[in-house]
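Hi,

Here is the structure I promised to pass on. Have a look at it first, and then read on for what turned up in it.

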Amino acid sequence: MSAIPVIALTGHLGAGKTTLLNHLLRTPDTRIGVVVNDFGELNIDAGLVAGQIDEPASIAGGCICCLPDDGGLEDALVKLADPARRLDAIIVEASGLADPVAIARLIGFSRVSGVRPGGLVDVIDAVNHFDTVDRTELPPARYGAASLIVVNKLDQIPVDQRAAVLERVKDRVSARNPRVHVVGTTVGRIDPALLFDSSDAAVQFGQLSFRELLLDASDLDHAHDHVAADAVTVSSSGCVDVDALIDLLERPPSGVFRLKGVVAVRQRTRVRNYVVNVVGSAVHIGSAPASAVPNCLVAIGMDLKTESVRAELGAALRPATGSSEAGLRRLQRYRRSSF
């Protein structure tokens with residue numbers, strides 16, 4: 001079984017974290033584990049959570065970034081990583097008072113078996129963000145911890161001002177971290193494919209879209225607000241050039257938020273298959289299950305330049321007769337950090 005992505009969901013009070021979480025929980029045929037901390041009323045739709053797992057893992061006692069080293073988040077992740085739960089993703093929703101930098105570190109340095117960092121999604125309020133959160137000369141440190149920033153509540157901004165608000169956020173974010181992806185939406189409607197895979201194999205790009213699957217009668221008024229993801233898939237045969245592969249993983253094509261796939265690498269006299277996952281700047285490389293078939297890479301993001309992305313993925317999958325020692329050392333560094 002592949003490692004389960006652990007996605008941190010942060011944002012200032014009232015930005016729309018729980019609204020976005022409830023939206024993700026409606027993803028068809030997907031099982032999501034949820035970790036919340038009982039700081040105030042989170043208003044998570046209990047029926048949706050109950051439909052995903054037996055019960056949510058709940059952390060009491062205030063801010064999640066202040067948990068002791070010997071419990072709390074680690075215990076919750078151990079519980080949810082149990083293969084019997086068959087989870088596709090784990091979402092950690094933090095209090096609005098929590099520090100995104102500390103949360104990212106807690107998840108990034110977790111040694112719980114069977115999970116991997118799935119990125120940090122920071123939700124911001126398009127109306128009040130620059131009056132409540134980003135008020136100093138230097139951009140807030142939270143931008144540096146995020147992999148995806150969701151500018152929510154754009155419907156409360158006049159239509160002719162929305163583009164300017166998004167650009168202002170992007171400019172501030174890129175000053176701190178140029179690799180962060182920024183998307184705008186209303187009522188937390190982003191494509192779940194940006195964050196995790198559905199366990200339903202029938203739900204594929206090019207067939208019934210996520211947009212169509214997610215809309216129900218209550219969503220119709222907001223259909224035009226849904227942020228849809230693009231995907232590009234490339235496959236090849238043989239073994240890959242490990243240096244070219246890791247170059248791609250460390251510097252994904254423009255607009256790509258996630259990269260995933262299975263690759264074959266020749267290591268002296270043996271060939272090994274690896275699962276690769278990239279979210280933002282986080283690279284995870286693990287051993288592929290025996291049933292996995294290399295080589296295939298899928299890039300997921302927003303407004304992708306399809307042919308350019310396809311060319312970059314193809315170059316990384318180009319067959320090679322062997323791997324350099326330096327390339328194998330690079331691969332092993334990521335393998336060691338991915339346990």
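Let's start with one pair of residues: Val-6 has Ile-90 in strand 4 as its bridge partner. One thing to keep in mind throughout is that this is a predicted model.

Val-6 belongs to strand 1, which covers residues 4-11. That strand and strand 4 (residues 89-93) are paired in the parallel sense, over four bridges. Strand 1 also pairs with strand 5 (residues 115-125), again running parallel, and here seven bridges join the two. If you want a spot to find that pairing on screen, look for Ile-4, which stands opposite Val-115 in strand 5.

How much of strand 1 is buried? Eight of its eight residues are. Both of its faces are covered: Ile-4, Val-6, Ala-8 and Thr-10 are buried on one side, and Pro-5, Ile-7, Leu-9 and Gly-11 are buried on the other.

Now scroll further along the chain, to an open sheet of five strands. Its order is 8-12-9-10-11, and the pairing is antiparallel. Strand 8 (230-235) and strand 11 (282-287) are the edge strands; each has a single partner strand, so one side of each has no neighbour in the sheet. On average, neighbouring strands in this sheet are turned by 15 degrees against each other, direction ignored. Strand 8 is joined to strand 12 (residues 296-301) by six bridges, the two running antiparallel. Within that pair, Ser-235 sits opposite Cys-296 of strand 12.

Two helices lie across this sheet. Helix 9 (residues 242-250) lies across strand 9 (256-267), strand 10 (270-279), strand 11 and strand 12, and runs at about 165 degrees to strand 9. Helix 10 (residues 306-316) lies across strand 8, strand 9 and strand 12, at about 35 degrees to strand 8.

These two helices also pack against each other, at an angle of about 145 degrees and with their axes 8 Å apart. From helix 9, Ala-244, Leu-245 and Leu-248 meet Glu-312, Leu-313, Ala-315 and Ala-316 of helix 10. Sorted by class, that contact has six nonpolar residues, no polar ones and one charged residue.

Which residues of helix 10 are buried? They are Val-309, Leu-313 and Ala-316. Looking down the axis of helix 10, you'd see these buried residues fall within an arc of 55 degrees, so they line one face of the helix. Their cover includes strand 8, helix 9, strand 9 and strand 12.

On to the charged pairs. Side chains of opposite charge can pair when their charged atoms come close. The structure holds 12 salt bridges, and here are some to look up.

One of them is between the side chains of Arg-172 and Asp-134, at 2.5 Å from N to O. Arg-172 is in helix 7 (residues 162-176), while Asp-134 is in the loop between helix 5 (129-132) and helix 6 (142-145), so the pair ties together parts that are 38 residues apart in sequence. Are these two buried or exposed? Both Arg-172 and Asp-134 are buried.

Another joins Glu-250 and Arg-330, whose closest N and O atoms are 2.9 Å apart. This pair links distant parts of the chain, with Glu-250 in helix 9 and Arg-330 in helix 11 (residues 325-337), 80 residues apart. Glu-250 counts as partly exposed at 24% relative accessibility, whereas Arg-330 is buried, with a relative accessible area of 15%. Neither residue is limited to this pairing story: Asp-243, Asp-247, Glu-250, Arg-251 and Arg-330 are linked in a network of salt bridges.

Helix 11 takes part in one more pair worth a look. The side chains of Glu-325 and Arg-268 meet in a salt bridge, 3.0 Å from N to O. Glu-325 lies in helix 11 and Arg-268 in the loop between strand 9 and strand 10, so this pair ties together parts 57 residues apart in sequence. Glu-325 is partly exposed, with a relative accessible area of 39%, and Arg-268 is exposed, at 61%.

Happy browsing, and send me any questions.

Note on methods: Residues numbered from 1 in each chain as written. Predicted model: local features only at pLDDT ≥ 70, side-chain atom pairs only at ≥ 80, totals over all residues. Heavy atoms only, no water. Pairing = 2+ DSSP bridges. Axes fitted to C-alpha atoms, helices over the stretch in contact; angles between N-to-C directions. Contact = heavy atoms within 4.5 Å. Salt bridge = Lys/Arg side-chain N within 4 Å of Asp/Glu carboxyl O. Buried < 20%, exposed > 50% of the residue type's maximum accessible area, 1.4 Å probe, protein only. Nonpolar A, V, L, I, M, F, W, Y, C, P; charged D, E, K, R; others polar. Arc of directions from axis to C-beta.
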